[in-house]
Amino acid sequence: MEEMERRTSSSYGGFVLSLLLLLAGGWLVSAETVGEGGSRNNSLCAAVIRPLGYPCFEHTVETKDGYILAIQRIPNGRELVKSEPGPAVFLQHGLFQGGDTWFANSIEESLGFILADSGFDVWVGNVRGTNWSHGHVSLSESNKEFWDWSWEELALYDLSAMISYVHSMTNSKVLFVGHSQGTIMALAALTQPMISEMVAAASLLCPISYLDHISSHFVLRAVSMHVDQMLVTIGLHQLNFRSNIGIQVLESVCDGHINCSDLLSAITGNNCCFNNSRVDQYLKYEPQPSSTKNLRHLFQMIRKGTFSRFDYGPWGNLKSYGTLKPPAFDLANIPASLPLWIAYGGQDALAVLADIDHTLQELQPEPQMLYLDSYGHMDFILSPYAKTDVYDKLIEFLRSCGRRSTY
């Protein structure tokens, strides 16, 4: 590993070229892996985890609004078998990703495998609409109603249901680890006492609650073009960058204004460390779908500088919330006693320092902090150096909080 050169942003040409070729081809999830209503016959355990020698078990949980989510459990590592499982840790992926993101690198470099081999009882979450989850009790993915959600529902329904399930199955509080959108979900969910009381500690990689200082050239242009509103106008409710319309959206944003030969950097900022030999693996399962409403909610945060519920406009808000403006998620409601660990990077164009400082000012807990000046948004999950740079310190924190506590 010491001999591997640290990659700069110029190393992304091969990755981006492969991504654009994939998208331009309009490849969709194959009919062999998608059943009625969007349920997947293939599983993350079978496709990714068991072939590498790890025990893995598929679980499903139903949200209160009828979505059927997949959770994978890796109770121990390849060589480490205990009579009693270790502390339960729950991993929550980011936007346009699924649970496979925690296993995208080699066994020695992927956080999911590293945690299992370190003695943790690993649980992997997958939100609604992603390839590993199983649709809805009554809605098909072809129904626009299926996509009527944003990160608000992911936090209050999906994460709530998954954390509650793991809490019940393990008879213990849960250690949480999230990246990017996974941290938005966590910060919103942890303001709710029914959720926070089931969490022993939370670790946030590239935390996001405020977005009004982002520096991503691609995202800022998409916001200025009102891409989110354009998608609603044309009746597009699912946002899938493996579809023809998805590549057209990318092209419309790039068109003469953004250097899309370096697309990843244009979106996330410069990432210091990228293993080009893993490109095929990264593209095998990513990007995954999300909803247009989710994009609209994120763009509302950027435009308004708020961390609030979805804004339906004055009359829609009156109907939904009884107020003209959407209620804010009050970060001060996260218990002061909850241990927090935050890792962030100086090159991140999405979770930027000014917005993280805003978040810290509103939190009651005083988090342990890890700042890496050379790291960008994706380095925290894809860098081949992340074990030394990030995960060893994360595991130390989790172990300090991970004594299993019963009801």
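Biologist: What makes you say that the charged end of K293 sits over the ring of F310?

Modeller: In this predicted model, the charged end of K293 is 4.9 Å from the centre of the ring of F310, and a charge has to be within 6 Å of the ring centre and within 35 degrees of the ring normal to count as sitting over a ring. The distance of 4.9 Å meets the first condition, and because K293 is listed as sitting over the ring, the angle condition is satisfied too. The charged end of R128 is placed in this way over the ring of Y67, at 3.9 Å from its centre.

Biologist: Which residues form one aromatic cluster with Y67?

Modeller: Y67 is grouped with F146, W147 and W149 in one aromatic cluster, and a search of the whole structure finds 18 aromatic pairs.

Biologist: Why is W315 called exposed or buried, whichever applies?

Modeller: W315 has a relative accessible area of 70%, and exposed means over 50%, so W315 is called exposed. This residue lies in helix α13, which covers residues 314-321, and together with L318 and L324 it makes a nonpolar surface patch of about 370 Å².

Biologist: How do you know whether L204 counts as buried or exposed?

Modeller: The relative accessibility of L204 is 1%, whereas the limit for buried is under 20%, and therefore L204 counts as buried. L204 lies in strand β6, residues 199-205.

Biologist: What is L204 in contact with, leaving aside its neighbours within four places in sequence?

Modeller: With those neighbours left aside, L204 is in contact with F176, G178, T183, A186, L187, W341, I342 and A343. For one of these partners, I342, the separation in sequence is 138 residues, while the C-alpha to C-alpha distance to L204 is 4.9 Å.

Biologist: What makes helix α5 count as mostly covered?

Modeller: Helix α5 spans residues 181-189, and 9 of its 9 residues are buried; among them are T183, A186 and L187, which also appear in the list of residues in contact with L204.

Biologist: How many of the residues of the protein chain count as buried, and how many helices and strands are there?

Modeller: Of the 407 residues of the protein chain, 58% count as buried, and the chain has 16 helices and 10 strands. Its accessible surface comes to about 16600 Å², with 52% of that belonging to carbon and sulfur atoms. Among contacts between residues at least 6 apart in sequence, 78% join residues at least 24 apart.

Methods:
Residues numbered from 1 in each chain as written. Predicted model: local features only at pLDDT ≥ 70, side-chain atom pairs only at ≥ 80, totals over all residues. Heavy atoms only, no water. Phe/Tyr/Trp six-rings, centres within 6.5 Å; stacked < 30°, edge-to-face > 60°. Patch = residues over 30% accessible without salt bridge, like charges linked within 9 Å, V, L, I, M, F, W, Y side chains within 5 Å. Areas by Shrake-Rupley, 256 points an atom, 1.4 Å probe, with all protein chains shown as cover. Salt bridge = Lys/Arg side-chain N within 4 Å of Asp/Glu carboxyl O. Helix = DSSP H or I, 4+ residues; strand = E, 2+ residues; numbered from the N terminus. Buried < 20%, exposed > 50% of the residue type's maximum accessible area, 1.4 Å probe, protein only. Contact = heavy atoms within 4.5 Å.
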